[in-house]
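Okay everyone, thanks for squeezing me in. I'd like to walk you through the empty spaces in this protein, and then a bit of helix packing. Let's get the structure up on the screen.

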Amino acid sequence: MSHTQALCRFLAELNDTHLPEDVLARTEDLYLDWLASALASQGAHPIPLFERYAQKMGPSSGPAQVIVNGASTSAYFAALVNGASSHLVEQDDLHNSSVLHPATVVFPAALAAAQDLGKSGRDLLLASVAGYEAGIRIGEFMGRSHYRIFHTTATVGTLAAAVAVGKLLDFNQEQFINLLGSAGTQAAGLWEFLRDAADSKQLHTAKAAADGLLAAYLTAEGLTGARNILEGDQGLAAGMSSDAEPSKLSADLGSRWALLETSFKFHASCRHTHPAADALLDLMQRERLTAADIAHVETRVHQGAIDVLGRVTVPTSVHQAKFSMGTVLGLIAVHGKAGLTEFHERALTDPAVSSFRDKVSMTLDAEVDGAYPQRWLGRVTVTTLDGRTLHGAIDEPKGDPGNTLSRRELADKFQRLAQFSGARTPLEAHALIEKVWDLRNTASMAHWL
């Protein structure tokens, strides 16, 4: 049995009696965090473009719901818009060793299909676990080389979304094999957009969620796909990786719940900036420094951070600023936080932030690079204006499993994100939070919002 076959057998046999309590609870937490990210993008460019496209090309009503505007449409177009909206504000989750944002592709597809198929909240949770477990392992299998050119959440995310929907459709092992083939052949998404401050990142997640659903629904109708799309000579790894490890596809299935390793985002920026941001904040608090005391900050980072963040020198949009190490550290140093409000009100217009940005550099560090992607270490060296050299170190950024957000912190984050866009009042947000905590007891996801 190949590693792909072993993964598909696990997915087919998985049922909710296999899920430990901590996995169920964590899935609810991740769902809440995803929903907050989607709500926070209401009205923000380019999400209205996706809404108008869905209105023009999709049905005027349907069983699935669009989060940002409450419209009803087909499952396909709901997955498309919800996939785009939940990846805009850079607050959605990340799994470290796969460098995958699972929520923004798994939940849009799973929710849309669950509403279309009349499934329960518990069905949704089980399907989402399947999507996370498959997506994370496929991301790990693709290796570090893949991420240098390809946006893993776009490529691998297509397969993760497909698996979640396939589980809702109760696929057997053979159907999961065909499903991966049809999803994998659609996998796409390139990092080049960052150089131009383009909007492609939202297109990536929109298409991954929608194309995953497309692959699953066509598989249910009998469409076949490549049987070895992951490991084959002309498959995904052959075309998109130089360091793929097939054994990662089937390692510890059923005993290691990779979903539990997923991190929440504390800062509203690219996750590659978080370790250095936390290390700088910790150092400044310990040494009682202000931004005016600092002459230079050297961030010692892994190669993946350089590959992604090195494309942005002087950001020209708020979204691009979230991929600028200097801007993120400037917000941390000057304002003590890098949240949505700071990015939208200060990242591009505050001269103190811009001035600090120019004091920041990135250097490849052997220790940090060696630990990545399993661990995202934060290391900074600060030179002060009075000539001191100070070092800051963080081994687990805020939001990592060993330094996670509690349910109270997740609820606070939900309230902040809903308030940021005006998508929900505090009372409405509280009601939604309570509904998420009760997902496993929800009889039907139809009209859930």
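Let's start with a space shut inside the protein: the second largest cavity, whose lining is made of H272, P275, A276, R300, V301, H302, L377, G378 and R379. Keep in mind that what you're looking at is a predicted model. Which elements give two or more residues to that lining? They are helix 11, running 274-287, strand 5 at 294-301, and strand 7 at 378-384. In volume, the second largest cavity comes to about 40 Å³. Sort its lining by class and you get four nonpolar, three polar and two charged residues.

So how many cavities of 30 Å³ or more are there? The count is two. The largest cavity holds about 60 Å³ of space. It has 14 lining residues, and nearest its centre are H101, Y147, C270, R271 and H272. You've met H272 already, since it also lines the second largest cavity. For the largest cavity, the classes come out as seven nonpolar, three polar and four charged residues.

If you're wondering how anyone finds such spaces, rolling a probe the size of a water molecule over the atoms shows where empty space is left.

Now for the pockets. The largest pocket has a volume of about 330 Å³. There are 15 residues lining it, and K337, G339, L340, E342 and R416 are the ones closest to its centre. Helix 15, which is 340-346, and helix 18, which is 407-421, each bring at least two residues to this lining. In terms of class, that lining has seven nonpolar, five polar and three charged residues.

Then there's the second largest pocket, at about 270 Å³. This one is lined by 22 residues, with G143, R144, S145, D243 and P373 closest to the centre. Two elements give two or more residues here: helix 6, at 121-149, and helix 12, at 303-309. Which element gives the largest share? That's helix 6, with nine residues. The class split for this pocket is five nonpolar, 10 polar and seven charged.

Right, on to the helices. Two packed helices are described by the angle between their axes and the distance between the axes.

Find helix 4, residues 75-85, and helix 5, residues 103-117: their axes are 8 Å apart and the packing angle is about 155°. That angle is over 145, so helix 4 is roughly antiparallel to helix 5. Their crossing is right-handed. On the helix 4 side, the contact uses A75, A78, A79, N82 and G83, while helix 5 offers T104, P108, A109, A112, A113 and D116. Seven of these contact residues are nonpolar, three are polar and one is charged.

Helix 4 has another partner, helix 9, residues 200-221, and here the angle is about 150° with the axes 7 Å apart. These two are therefore roughly antiparallel as well, and this crossing is right-handed too. From helix 4, the contact takes in A75, Y76, A79, L80, G83 and A84. From helix 9 there's a longish list, including Q202, T205, A206, L213 and Y217. By class, the contact has 11 nonpolar, three polar and two charged residues.

One last thing to look at on the screen: A75, A79 and G83 of helix 4 appear in the contact with helix 5, and they turn up in the contact with helix 9 as well. That's my bit, thanks for listening!

Notes. Residues numbered from 1 in each chain as written. Predicted model: local features only at pLDDT ≥ 70, side-chain atom pairs only at ≥ 80, totals over all residues. Heavy atoms only, no water. 1 Å grid on protein atoms, 1.4 Å probe; cavity = no way out; pocket = protein on both sides within 12 Å on 5 of 7 lines; lining within 4 Å. Points joined across faces, edges and corners; volume = space filled by probe spheres on them. Helix = DSSP H or I, 4+ residues; strand = E, 2+ residues; numbered from the N terminus. Nonpolar A, V, L, I, M, F, W, Y, C, P; charged D, E, K, R; others polar. Axes fitted to C-alpha atoms, helices over the stretch in contact; angles between N-to-C directions. Parallel < 35°, antiparallel > 145°, perpendicular 65-115°, else oblique. Left-handed = near helix turned anticlockwise from the far one by under 90°. Contact = heavy atoms within 4.5 Å.
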